[in-house]
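Colleague: I am new to this structure and would like a close look at one part of it. Could you take me through the salt bridges, and then show me what surrounds them?

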Amino acid sequence: MDIPYALLGNKQSCTCGRDHQVPIEKIVIDERMLEQLPPYLAGESLNQVLLVADANTYRVFGDQVYQHLLGAGVTCDVHVFQASHDLLPDEQAIAAIRQAVVQSSATVVLAVGSGVINDVARYASYSEGIPYIVIPTAPSMDGYASSVAALQFNGVKTTLPAHTPKAIFVQPEVLSDAPFELIQAGFGDLIGKTISLLDWKLSHVLFGEYFCTKSYEMVLTPLQYCVEHAVQVRDRDQTTIKNLFVGLINAGIAMAMMGNSRPCSGSEHHCSHYWDLLAYQGVRPHASHGLQVGYAVQWMIRFYRVFAKASSIEAPLSPALTPEREAQIRAFYGDGANEILTVFRDKVSWYHEHNGDFQTRDIALVLQKLEPELSMLPAVERALRDMNIPEMMDALGLTVDILRETFLHANELRSRYTIFDFLVSQGELDGATRNVLAILEVAKK
């Protein structure tokens with residue numbers, strides 16, 4: 001498995017009818033990548049570096065990067081977030097980096113870390129109009145190559161346009177030495193694409209939503225590899241860990257091609273976003289995004305099995321924002337309510353743009369179109385077990401009641417169409433939720 005290097009920095013026409021461009025200029029995955037970094041910076045006239053890390057990633061690799069740059073004559077300032085856990089991708093973190101950029105007169109931000117460090121460095125550098133480069137310290141998520149930033153404003157997870165990294169430099173040994181929880185998280189994030197691809201294709205079949213086969217396959221191929229090699233990932237086989245990381249990078253490239261996260265974020269991510277909101281409200285502890293996504297996958301598999309048993313598809317019930325519903329949203333989401341209301345209105349507009357009706361109500365045809373993904377579900381469940389992800393409800397601070405509320409409300413967090421929206425449109429979400437949660441009631445007995 002390899003990076004599609006031909007796509008980097010080039011615009012290419014696609015059979016989907018659109019031109020795709022991936023602005024990333026360079027990706028280096030090499031044990032001697034540090035030697036290549038200073039010449040690259042010099043060649044791009046990036047002569048004033050601001051290195052951003054947190055306490056953990058600076059200790060693991062950031063200090064080594066910093067010392068190497070100084071030894072090579074590169075002017076480099078450092079901003080280290082002192083939090084070693086629970087750093088949030090919020091307004092405060094972004095503002096801190098922007099202030100450091102101004103104070104250091106930086107011409108490039110160098111992010112050394114994983115999820116949150118990457119997102120806040122991406123958005124802060126974008127806001128300041130300078131490029132950024134990322135040096136990943138774990139194969140923990142798919143956002144390294146993405147052009148959007150997953151942020152948390154007023155407790156609500158939101159995905160905002162930003163820019164791709166100018167370059168990605170990776171030392172493979174650092175990835176394979178990462179804490180197992182971060183490897184689990186990357187695996188969970190990648191295996192979540194099983195559901196995001198299903199949701200995307202479901203919307204394409206039912207509403208004719210734009211679909212790009214090339215970006216779809218760029219996500220599907222590494223997903224299938226990691227499903228088949230879950231045991232090797234668990235055992236930290238270095239080649240397999242590298243391929244997991246390549247799969248995560250390719251997922252990010254697919255998002256960059258699309259200009260949004262559609263191929264890689266569906267109902268499984270919406271569950272994770274809902275849990276993040278509850279953590280912000282103090283209902284549960286913060287937890288790794290990838291672990292949450294991986295845990296959500298098994299539940300979304302159950303929802304798709306409910307869908308697969310449907311005997312018919314009825315005309316969709318269009319979403320409606322009643323005064324009562326708006327009051328409920330404001331009461332629950334507080335300061336984040338306006339973002340949720342915007343999502344709701346966007347979803348109503350999306351339905352209208354797609355004529356508010358399905359292109360087909362032939363359930364057999366829909367299931368036939370989804371069969372390649374549906375047939376993967378048993379193997380995906382085995383892979384989750386191999387990676388010790390299924391039994392995480394208590395570890396993630398979740399309860400049956402939280403799961404129930406998650407499944408009933410996660411579709412409110414994004415305007416993107418998913419299996420949740422289909423079930424709402426059929427008046428079946430309550431019943432489907434009771435159905436999938438019945439397994440926990442049985443387990444109690």
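Modeller: Happily; here is a walk through the charged pairs, followed by some of the loops and helices of the chain. Please keep in mind that this is a predicted model.

Let us begin with the general idea. Side chains of opposite charge can pair when their charged atoms come close. A search of the whole structure turns up 15 salt bridges, and I will pick out a few of them.

Start at glutamate 44, whose side chain meets that of lysine 166 in a salt bridge, with 3.3 Å from N to O. This pair links distant parts of the chain, 122 residues apart. Glutamate 44 sits in the loop between helix 1 (33-43) and strand 4 (48-54), while lysine 166 sits in the loop between strand 9 (156-161) and strand 10 (167-170). Are the two partners buried or exposed? Glutamate 44 has 32% relative accessibility, so it counts as partly exposed. Lysine 166 has 16%, so it counts as buried; the cut-off for that word is under 20%.

While you are in that first loop, look at serine 45, which also lies between helix 1 and strand 4. Its phi is near 55°, a positive value in a residue other than glycine. Serine 45 has a relative accessible area of 54% and is therefore exposed.

Next, move along the chain to the pair of glutamate 412 and arginine 325, whose side chains meet in a salt bridge at 1.9 Å, N to O. Glutamate 412 lies in the loop between helix 17 (400-409) and helix 18 (419-425), and arginine 325 lies in helix 13 (residues 323-333), so the pair ties together parts that are 87 residues apart in sequence. Glutamate 412 is buried, with a relative accessible area of 9%. Arginine 325 counts as buried too, at 17% relative accessibility. Going back to the pair we began with, salt bridges that share partners join Glu25, Glu44 and Lys166 into one network.

Now for a pair of neighbours in the sequence. Arginine 234 forms a salt bridge with aspartate 235, and their closest N and O atoms are 3.3 Å apart. Arginine 234 counts as partly exposed at 31% relative accessibility, and aspartate 235 is partly exposed at 49%. The next residue to visit is arginine 236, in the loop between helix 9 (230-234) and helix 10 (238-258). Arginine 236 has a phi near 60°, which is positive in a residue other than glycine. With a relative accessible area of 32%, arginine 236 is partly exposed.

From that loop you can step into helix 10, where valine 246 lies. Valine 246 is buried, with a relative accessible area of 2%. Its C-alpha atom is separated by 30 Å from that of glutamine 368, which is 122 residues away along the chain.

Charges also gather without such pairing. Asp30, Glu31, Glu173 and Asp177 form a patch of negative charge on the surface. One of them, glutamate 173, lies in helix 5 (residues 172-176) and is partly exposed, with a relative accessible area of 40%.

Two helices round off the tour. Helix 6 (residues 180-191) has 12 residues, which should span 16 Å at 1.5 Å a residue, and its end C-alpha atoms are 16 Å apart, in agreement. Helix 6 is mostly covered, with 9 of its 12 residues buried. Among those buried residues are Phe187, Asp189 and Leu190.

Helix 11 (residues 267-280) has 14 residues and reaches 20 Å from its first C-alpha to its last, close to the 20 Å expected. Of its 14 residues 13 are buried, so helix 11 is largely enclosed by the rest of the structure. After helix 11 comes glycine 282, whose phi is positive, near 85°.

For a last stop, find glutamine 359 in the loop between helix 14 (337-353) and helix 15 (363-374). Glutamine 359 counts as exposed, at 58% relative accessibility. Between glutamine 359 and threonine 158 there are 30 Å in space, C-alpha to C-alpha, and the two are 201 residues apart in sequence.

Definitions and conventions. Residues numbered from 1 in each chain as written. Predicted model: local features only at pLDDT ≥ 70, side-chain atom pairs only at ≥ 80, totals over all residues. Heavy atoms only, no water. Helix = DSSP H or I, 4+ residues; strand = E, 2+ residues; numbered from the N terminus. Expected span 1.5 Å × (residues − 1). Buried < 20%, exposed > 50% of the residue type's maximum accessible area, 1.4 Å probe, protein only. Salt bridge = Lys/Arg side-chain N within 4 Å of Asp/Glu carboxyl O. Patch = residues over 30% accessible without salt bridge, like charges linked within 9 Å, V, L, I, M, F, W, Y side chains within 5 Å. Areas by Shrake-Rupley, 256 points an atom, 1.4 Å probe, with all protein chains shown as cover. Lys, Arg positive; Asp, Glu negative; His and termini not counted. Charge placed at Lys NZ, Arg CZ, Asp CG, Glu CD.
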